[in-house]
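Good morning, and thank you for making time for this short presentation. Please have the structure open before you as I speak.

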Amino acid sequence: MNTTEHERNPALEHRLFELIRNDEEIIELIKLANEHLGVIGFTEHGIRHASIVARWSGSILSTLGYPDEEVELARVAGFLHDIGNFICRTDHGQTGASILYVMLKRFPFTTRQLGKVLSAVGNHEEQYGQCFNETCAAVVLADKADVHRSRVRAYDPANHDIHDDVNYAVTRSDLIVDPDLREIRLDLDIDGETASMMDFFEIFMSRMVMCKSSAAYLGCTFKISCNGTVVS
Ligand SMILES: [Fe+2]
Ligand SMILES: [Fe+2]
């Protein structure tokens, strides 16, 4: 069955994420992407990151009351968003979207569903990403919120790598969605001995601006809370 033959089937839609996250080819390529980024010194981008972004992407939309189909597409896009890193780091969002157009033909997406997943993968990088729809918005928010010490592969403060310092300083990160206040808040606990708030903003400012515009697309404000102090 391909995307053009597929008749919309709600029962199958619910299984899309399960099919994707258990697919051997996809798992292998996400693992390879993580290995390749490890070679060039990047933080963890493997199954752990993919799973967290998938879960948070889905929960953002479900908490805000979006239909199950949109929640499922956000989960799928969240899981797949960094797969293009197995080929190259630069423009990995657009590379990933291009290869997924072919890879995902094996799965029962409608053409429109496939297009939304690819748009979210292709627009998640802060250098040029644009928020086209709720799938894009959810994946950006979930992806940029995954800052945590567990993403640092082997922390060595002597390296003075600001990305490692900032990630390692974050001992807790949560994404809180309040549907009544229409507010999305990134809650962080940061160890000030390892990195300062200035370090955080130095490398995360463009990501936080992207989160702000993504939250606005969903009709929400975006806030950050660091060690209990809210920055809005
Ligand atoms: Fe990425
Ligand atoms: Fe990512």
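I shall speak about confidence, then about helix packing, and finally about a pair of strands.

Let me begin with confidence, since this is a predicted model. The mean pLDDT of the protein is 90, and 94% of its residues reach 70 or more. Which element has the lowest mean pLDDT, and which the highest? Helix 1, residues 10-13, has the lowest, at 57, while helix 6, residues 92-103, has the highest, at 98. Please also look at residues 1-6, where pLDDT stays under 50. For that stretch the model has 12 contacts beyond four places in sequence.

I turn now to the helices. Two packed helices are described by the angle between their axes and the distance between the axes. My subject here is helix 5, and I shall take two of its partners in turn.

The first partner I shall discuss is helix 7. The axes of helix 5, residues 68-80, and helix 7, residues 111-122, come within 9 Å and cross at roughly 40°. That angle makes helix 5 oblique to helix 7. The crossing of these two helices, 5 and 7, is right-handed. Which residues of helix 5 meet helix 7? They are Leu73, Val76, Ala77 and Leu80, and across from them, in helix 7, are Gln113, Lys116, Val117, Ala120 and Val121. Sorted by class, the residues of this contact comprise 7 nonpolar, 1 polar and 1 charged.

The other partner is helix 8, residues 134-145. Helix 5 and helix 8 pack with their axes 9 Å apart, at an angle of about 50°. Helix 5 and helix 8 are therefore oblique to each other. Their crossing, too, is right-handed. From helix 5, the residues Glu70, Leu73, Ala74, Ala77 and Gly78 take part; from helix 8, they meet Glu134, Thr135, Ala138, Val139 and Ala142. This contact has 6 nonpolar, 2 polar and 2 charged residues. Please note that Leu73 and Ala77 appear in the contact with helix 7 as well as in that with helix 8.

Finally, I come to the strands. In which sense do strand 1 and strand 2 pair, parallel or antiparallel? Strand 1, residues 170-178, and strand 2, residues 183-190, pair in the antiparallel sense, over 8 bridges. Within this pairing, Leu175 stands opposite Leu186 in strand 2. The two strands form a hairpin with 4 residues between them. In the turn, Arg182 has a positive phi of about 50°.

Thank you for your attention.

Notes
Residues numbered from 1 in each chain as written. Chains lettered and ligands numbered in written order. Predicted model: local features only at pLDDT ≥ 70, side-chain atom pairs only at ≥ 80, totals over all residues. Axes fitted to C-alpha atoms, helices over the stretch in contact; angles between N-to-C directions. Parallel < 35°, antiparallel > 145°, perpendicular 65-115°, else oblique. Left-handed = near helix turned anticlockwise from the far one by under 90°. Contact = placed C-beta atoms within 7 Å. Nonpolar A, V, L, I, M, F, W, Y, C, P; charged D, E, K, R; others polar. pLDDT = per-residue confidence, 0-100. Pairing = 2+ DSSP bridges.
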